[in-house]
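Student: Before we talk, could you put the model on screen, and then take me through its packing and its charged pairs?

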Amino acid sequence: MQKIPVGPTIAFAYRFLVQEIGTVVGISWIPAVLFAGVNYLTRLYAFENRALLDSNDAQTAVGYLLLSIVSLAVTLYASSIVAIAITRQVNGREGRERPPGVLLLYFAAGRSEWRMLGANIRFLMASVALLLLAAGVALAAFLIAGTPLNAPEQMTPTGASIAAALVAWAGMIYAFISIAQMGFLLPAVVTLEEKGGLRRAHELTKGNVWRVLAVVAALGLPVLLLVLGAEAAILRSVVGTDFGALTPTEFFDKAEEAMEQKLLPWQIFSAIVFMLGSGLFYSGAAFAYRARTSPER
């Protein structure tokens, strides 16, 4: 198998998004509306019942938990639909499985989408397990070093505390690298291989870890900057430009207040980011998979 080509993969993903933006929107706008809609209802419920949630009202908390589970399930399924459709579009499949070149709407609930949903759930569980493991390793390292975790301002740099910090960083970096290895090629593997899953996706990235990280960074950084810029604009509309004058508690309170006031525009923006991000990531993953699995020349 060949190496994943970093430059061509990045270039293809951006070119695909620009040249086939109509197809990307046609494939993803219904899933994006579902994703944004359930998230809007969940956050609206939390904002409208903030006092009861803060007072640990059991009925309200259970309602919020159920809404959050439904929101997560819809988000994962919406992502699954788009992942399968865009991967097939890139792969150029013919027949019923390939969405047409010009789309007004697209929604699928076939076997491949359910397989993708299952893979996404397993990926989420594995990611959480890796992050918890990294957090546990970090906690153990700091406890062994005698670091006062309940009063970090009292921590003095010693050889033991520095070593513990290095162990903690190493654990988190390992977790994030493993998550990228499992997740990047997963949509293409599930779509194009009958028995493909997390193990196969991870296996295909062996010897290509830095290439995968470079592609993920190049595709994800613009999306991240877009989201952070929108969050800053919403916060500035409530707080003004003087962020530095706020204490951390005041900052988060103002951020929550700003999000409550701009909840609907934020969810519309989130739907747009969902479509653009899907077009970038899934097309890039499909191209990288095709390059990786091509026979050596």
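Tutor: A nonpolar core is a set of buried Ala, Val, Leu, Ile, Met, Phe, Trp, Tyr and Cys residues joined through side-chain atoms within 4.5 Å, where buried means under 20% relative accessible area, exposed over 50% and partly exposed in between, with a 1.4 Å probe and protein chains only. The model is predicted, so that local features need pLDDT of at least 70 and side-chain atom pairs count only at pLDDT 80 or more, while totals for chains, interfaces and linings use all residues. Residues are numbered from 1 along each chain as its sequence is written, and side-chain values use heavy atoms, with hydrogens and water left out.

Student: Which helix gives the most residues to the largest nonpolar core?

Tutor: The largest nonpolar core has 66 residues, and those with the most contacts inside it include Phe 184 and Leu 185. Helices are DSSP runs of H or I with at least four residues, numbered from the N terminus. With 14 residues, the helix that gives the most to this core is α11.

Student: Is Ala 285 buried or exposed?

Tutor: Ala 285 lies in helix α11, which spans residues 263–293. Contact means heavy atoms within 4.5 Å, and, not counting residues up to four places away in sequence, Ala 285 touches Phe 184, Leu 185 and Ala 188. Because its relative accessibility is 1%, Ala 285 counts as buried.

Student: How far apart in space are the C-alpha atoms of Ala 285 and Phe 184?

Tutor: Phe 184 is one of the residues that Ala 285 touches. The two are 101 residues apart in sequence, yet their C-alpha to C-alpha distance is 6.2 Å.

Student: Where does Glu 194, the salt-bridge partner of Arg 111, lie?

Tutor: A salt bridge is a side-chain nitrogen of Lys or Arg within 4 Å of a carboxyl oxygen of Asp or Glu, and between Arg 111 and Glu 194 the closest N and O atoms are 2.8 Å apart. Arg 111 is exposed, and so is Glu 194. The pair links distant parts of the chain, 83 residues apart, with Arg 111 in helix α5 (residues 111–145) and Glu 194 in the loop between α7 (186–192) and α8 (198–204).

Student: Which residues are linked with Arg 200 in a network of salt bridges?

Tutor: The side chains of Glu 193 and Arg 200 meet in a salt bridge at 3.0 Å, N to O. Glu 203 also forms a salt bridge with Arg 200, and these two are separated by about one helical turn because they are 3 residues apart in helix α8. The residues linked with Arg 200 in the network are therefore Glu 193 and Glu 203.
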